[in-house]
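Reader: I'd like a close look at one part of this model, please: the mixed sheet and the helices around it. Take your time and walk me through it in one go.

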Protein chains: 2
Amino acid sequence: MKEFKNISITAPLGFKTNALHCGIKKKNADLSLIYSVVKAKAAGVFTSNKVKAAPVVIDQEQLRNGCAQAIIVNSGNANCCTGKKGKLDALSVVNALGKYLEIDNSDVLVASTGIIGKFLPVEKIISAIGSLAEGLSFDKSDLTAAALMTTDTFPKQAAVEINLKGKRVIIGAVAKGAGMICPNMATMLCFITTDANISSPLLKKSLRQAVDGSFNCISVDGEMSTNDSVIILANGLSSNSAIKDNSREFKIFTQALKYVCVKLAKMIVQDAEGATKFIEVRVEKAKTKEQAKAAAYQIANSLLVKTMIAGENPNWGRIPACLGASGVDFKDEKIEVFLQKKSVYRNGLPMIKDIKVLIKLLEKKDIEIVARLNSGKFEYTVWTSDLTAEYVRINTEYT
Amino acid sequence: MKEFKNISITAPLGFKTNALHCGIKKKNADLSLIYSVVKAKAAGVFTSNKVKAAPVVIDQEQLRNGCAQAIIVNSGNANCCTGKKGKLDALSVVNALGKYLEIDNSDVLVASTGIIGKFLPVEKIISAIGSLAEGLSFDKSDLTAAALMTTDTFPKQAAVEINLKGKRVIIGAVAKGAGMICPNMATMLCFITTDANISSPLLKKSLRQAVDGSFNCISVDGEMSTNDSVIILANGLSSNSAIKDNSREFKIFTQALKYVCVKLAKMIVQDAEGATKFIEVRVEKAKTKEQAKAAAYQIANSLLVKTMIAGENPNWGRIPACLGASGVDFKDEKIEVFLQKKSVYRNGLPMIKDIKVLIKLLEKKDIEIVARLNSGKFEYTVWTSDLTAEYVRINTEYT
């Protein structure tokens with residue numbers, strides 16, 4: 001597997017992109033377009049929040065036919081809690097873009113991120129569609145990666161090349177993070193392009209697996225956005241023979257897709273507002289995968305654990321306390337907790353008594369917490385960040 | 001119902017208390033004793049965390065007979081994650097106190113709060129028992145209320161008098177809060193005394209009802225301590241005729257108990273570290289009480305909602321987003337959200353467009369958030385605080 005640098009969604013054959021400022025935000029680019037020169041197979045994974053933004057509802061309908069050719073993305077407005085008008089607004093954008101590009105309206109997807117509860121300034125978006133489409137280019141992935149940034153401090157893109165039966169297949173992706181707490185913008189968006197030849201049901205299956213092992217493993221503040229979207233377009237231009245289910249090629253493709261998603265997911269955590277540490281939480285030997293996940297998230301979302309890591313304050317007792325609060329099955333005297341691979345709690349007893357040794361464990365930027373439940377054989381890993389006063393300051397002052 | 005000021009656990013007949021510094025903490029009182037001059041009926045409600053501190057395990061066993069006469073409380077050490085030794089340590093304290101006071105060891109309860117994962121300095125506690133018991137007095141409730149404080153900024157006590165068939169019955173209580181995030185001390189403790197004549201099963205029933213409507217309605221940081229304990233002693237000295245189940249007297253007694261508990265619960269939230277606002281979250285018209293509770297806690301524990309209130313940033317869209325994330329039953333287009341009794345979201349649409357009007361709603365110190373789901377007839381109220389940079393600063397710096 002070969003990796004690309006400084007290029008992402010335009011790395012696969014036949015994908016163009018462009019971004020510009022249309023006036024939703026005061027300054028900086030706020031409108032992007034991702035376009036395949038031929039109709040592509042498409043799949044998406046969306047927020048499971050019951051309150052869904054209008055573009056999420058529209059995309060779920062548009063993706064029923066398993067195809068798409070363009071994705072238009074605005075920042076500065078989430079188009080959420082906007083009722084029927086919000087859906088009509090999103091459809092107006094879809095239809096105007098379909099008409100301009102001369103493609104089926106049903107092949108246009110739309111994504112939004114920004115403030116909730118305000119109507120979309122549709123006219124600003126529609127009047128910018130001409131310039132946006134005319135400027136489409138095979139070498140502007142940097143521009144789109146930057147345009148997606150809201151509270152992000154660096155653009156997030158990744159691309160890899162794999163070989164499927166002698167044919168070169170490329171997967172590229174851009175993402176924007178949720179920052180840590182962003183009162184006005186807390187959405188995770190990711191757009192993935194590939195020139196692989198793959199059916200839409202298999203593309204969906206592959207995407208689900210990749211997302212489960214990547215974006216579904218991160219937590220910044222335990223919040224679930226109304227707009228979270230991961231969308232993939234596969235235009236088949238690599239001319240590999242169609243990927244079959246359960247084949248070696250499906251496995252290679254899914255692994256590569258997951259690799260790209262993990263890379264972006266970790267970047268999102270690294271870019272969490274005010275964060276000074278990257279934390280990997282792994283729960284091992286749980287009774288079920290669901291229990292491993294519940295326990296891992298209980299630790300990863302714990303303000304006490306996050307501030308403890310931020311302060312390099314080795315009060316590891318908070319970790320068994322989280323396990324106990326998570327409601328999963330284990331016996332207290334059988335669990336073991338590790339910080340940076342050192343056992344700190346075993347047989348119901350503290351393992352390291354020297355506070356200086358404990359403090360030293362938390363000095364690094366990358367922190368690993370492992371909790372071994374010894375009640376089964378399942379594990380789950382979550383990536384998260386620490387919690388600092390800086391990010392609360394940023395967000396309480398935000399208006 | 002008459003209320004007392006500046007007196008609490010010694011307001012009912014026959015209760016003495018004392019507190020002193022025994023050396024677990026560097027300075028300030030760290031050991032308290034609450035004592036009834038006669039054996040009392042007793043009941044407790046404890047943390048549901050699977051990882052329970054040794055004193056919690058001991059008290060649950062000691063309370064099986066429904067009686068107690070003394071409670072000894074230390075701060076500075078939680079005696080949690082300390083294995084069998086931890087339990088033996090707690091029992092040594094119990095036995096030493098029982099012997100000194102010449103009461104049954106089975107009538108002594110113990111509570112601890114402080115750092116997790118360190119063994120209890122038993123010898124310091126036992127050697128202080130003599131002075132502690134000798135100093136017991138009918139007018140030191142102020143001293144004990146102050147001695148319980150850890151990161152609390154003010155002592156928390158309350159007492160009321162009720163009339164049961166012509167007899168004066170008094171209920172008094174002291175509590176310590178969890179602060180907001182306290183890496184080393186995050187325990188909620190509450191000790192209640194009363195001179196009511198009531199059987200232990202009824203005392204337990206009354207306490208459960210009072211706790212459900214008070215301490216189980218607060219949330220500061222969504223963390224569940226390993227040491228949380230609410231204990232009540234009822235010594236019967238008021239000589240009221242024994243309270244009967246489902247009687248008018250039981251109702252009056254439980255209402256008074258709940259009143260005292262609510263008062264202390266609210267004090268705990270008001271004293272949350274760095275907090276600038278007191279927030280009441282009420283979910284109305286939910287399908288079940290469990291759903292109302294789940295939705296209310298999703299809002300009360302949301303960092304996005306807490307920072308929004310702290311920053312007086314009226315991004316109310318975060319409230320429907322929390323409802324959607326909570327997994328409870330409702331239709332987005334049927335819910336209604338109120339801030340300070342003003343409707344901000346209804347029929348899937350924003351109700352107030354003027355940002356200045358919205359900001360003005362959040363200026364007060366006491367904030368009320370109401371979410372009406374319109375999917376049933378149940379409601380639940382949670383009290384919480386806002387989230388400021390100050391409390392994160394306090395806690396990351398804590399070592």
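Author: Here is a walk through the sheet and its helices, with a few side trips to other parts.

Keep in mind that this is a predicted model. Let's begin with chain B. Its open sheet is built from 7 strands in the order β9-β16-β11-β15-β12-β13-β14, and the pairing is mixed. At the edges stand β9 (218–219) and β14 (349–350) of chain B; each has a single partner strand, so one side of each has no neighbour in the sheet. In general, strands of a sheet pair through backbone hydrogen bonds, in either a parallel or an antiparallel sense.

Look at the β14 end for a moment. Strand β13 of chain B, residues 342–346, pairs with β14(B) in the antiparallel sense, over 2 bridges. If you want a spot to click on, try B:Tyr345, which stands opposite B:Pro350 in β14(B).

Now for what lies on the sheet. Helix α7 of chain B (residues 289–300) lies across β9, β11 (278–286), β15 (366–372) and β16 (378–385) of chain B, and it runs at about 25° to β16(B).

What does a residue in that helix have around it? B:Ala295 makes a handy example, since its place is in helix α7 of chain B. With 29 other C-beta atoms within 10 Å, B:Ala295 is buried. Setting aside its neighbours within four places in sequence, B:Ala295 is in contact with B:Val283, B:Ala286, B:Leu323, B:Ser326, B:Val328, B:Ala371 and B:Leu373. Of these, B:Val283 and B:Ala286 fall within β11 (278–286), and B:Ala371 within β15 (366–372). For a sense of scale, the C-alpha atoms of B:Ala295 and B:Asn65 are separated by 38 Å, and the two residues are 230 apart along the chain.

Next come two more helices of chain B. Helix α8 (residues 303–310) and helix α9 (residues 318–325) have axes that come within 9 Å and cross at roughly 165°. That angle is over 145, so α8(B) and α9(B) are roughly antiparallel to each other. Their crossing is left-handed. On the α8(B) side you'll find B:Leu304, B:Val305 and B:Met308, which meet B:Arg318, B:Ile319 and B:Cys322 in α9(B).

Let's hop over to chain A. Here, too, there is an open sheet of 7 strands, in the order β9-β16-β11-β15-β12-β13-β14 and with mixed pairing. β9 (218–219) and β14 (349–350) of chain A are at the edges with a single partner strand each, so one side of each is left without a neighbour in the sheet. Further in, strand β12 (residues 336–339) of chain A pairs with strand β15 (residues 366–372) of chain A in the antiparallel sense, over 4 bridges. Within that pair, A:Phe338 has A:Val370 in β15(A) as its bridge partner. Helix α6 (residues 248–270) of chain A packs on the sheet as well, touching β9, β11 (278–286) and β16 (378–385) of chain A, and its direction makes about 45° with that of β16(A).

Helix α7 of chain A (residues 289–300) has a helix partner of its own. It packs with helix α9 (residues 318–325) of chain A at an angle of about 135°, and their axes are 9 Å apart. That makes α7(A) oblique to α9(A), and the crossing is right-handed. The contact is made by A:Ala295, A:Gln298 and A:Ile299 of α7(A) together with A:Ile319, A:Cys322, A:Leu323 and A:Ala325 of α9(A).

How does this fit into the chain as a whole? The domain assignment of chain A gives domain 1 (2–268) and domain 2 (278–397), and the C-alpha centres of these two domains of chain A lie 33 Å apart.

For a taste of domain 1, take strand β6 (residues 156–164) of chain A: 7 of its 9 residues are buried, so β6(A) is largely enclosed by the rest of the structure. Strand β1 (residues 2–4) of chain A pairs with β6(A) in the antiparallel sense over 3 bridges, and A:Glu3 has A:Val160 as its bridge partner there. Strand β7 (residues 167–176) of chain A also runs antiparallel to β6(A), joined to it by 9 bridges. One of the partnerships is A:Gln157 with A:Val174 in β7(A). β6(A) and β7(A) form a hairpin with 2 residues between them, and A:Lys165 in the turn has a positive phi of about 50°.

Notes: Residues are numbered from 1 along each chain as its sequence is written. Chains are lettered from A and ligands numbered from 1 in the order in which they are written. This is a predicted model: local features need pLDDT of at least 70, side-chain atom pairs count only at pLDDT 80 or more; totals for chains, interfaces and linings use all residues. Two strands pair if DSSP finds at least two bridges between them. Two residues are in contact if their C-beta atoms, placed from the backbone, lie within 7 Å. Axes are lines fitted to C-alpha atoms, for helices over the stretch in contact, and angles run from 0 to 180 degrees between N-to-C directions. Domain bounds come from an automatic or database domain assignment. A residue is buried if 20 or more other C-beta atoms lie within 10 Å of its own, exposed if 12 or fewer, and partly exposed in between; C-beta atoms are placed from the backbone. Angles under 35 degrees count as roughly parallel, over 145 as roughly antiparallel, 65 to 115 as roughly perpendicular and the rest as oblique. A crossing is left-handed if the near helix is turned anticlockwise from the far one by less than a right angle, and right-handed if clockwise.
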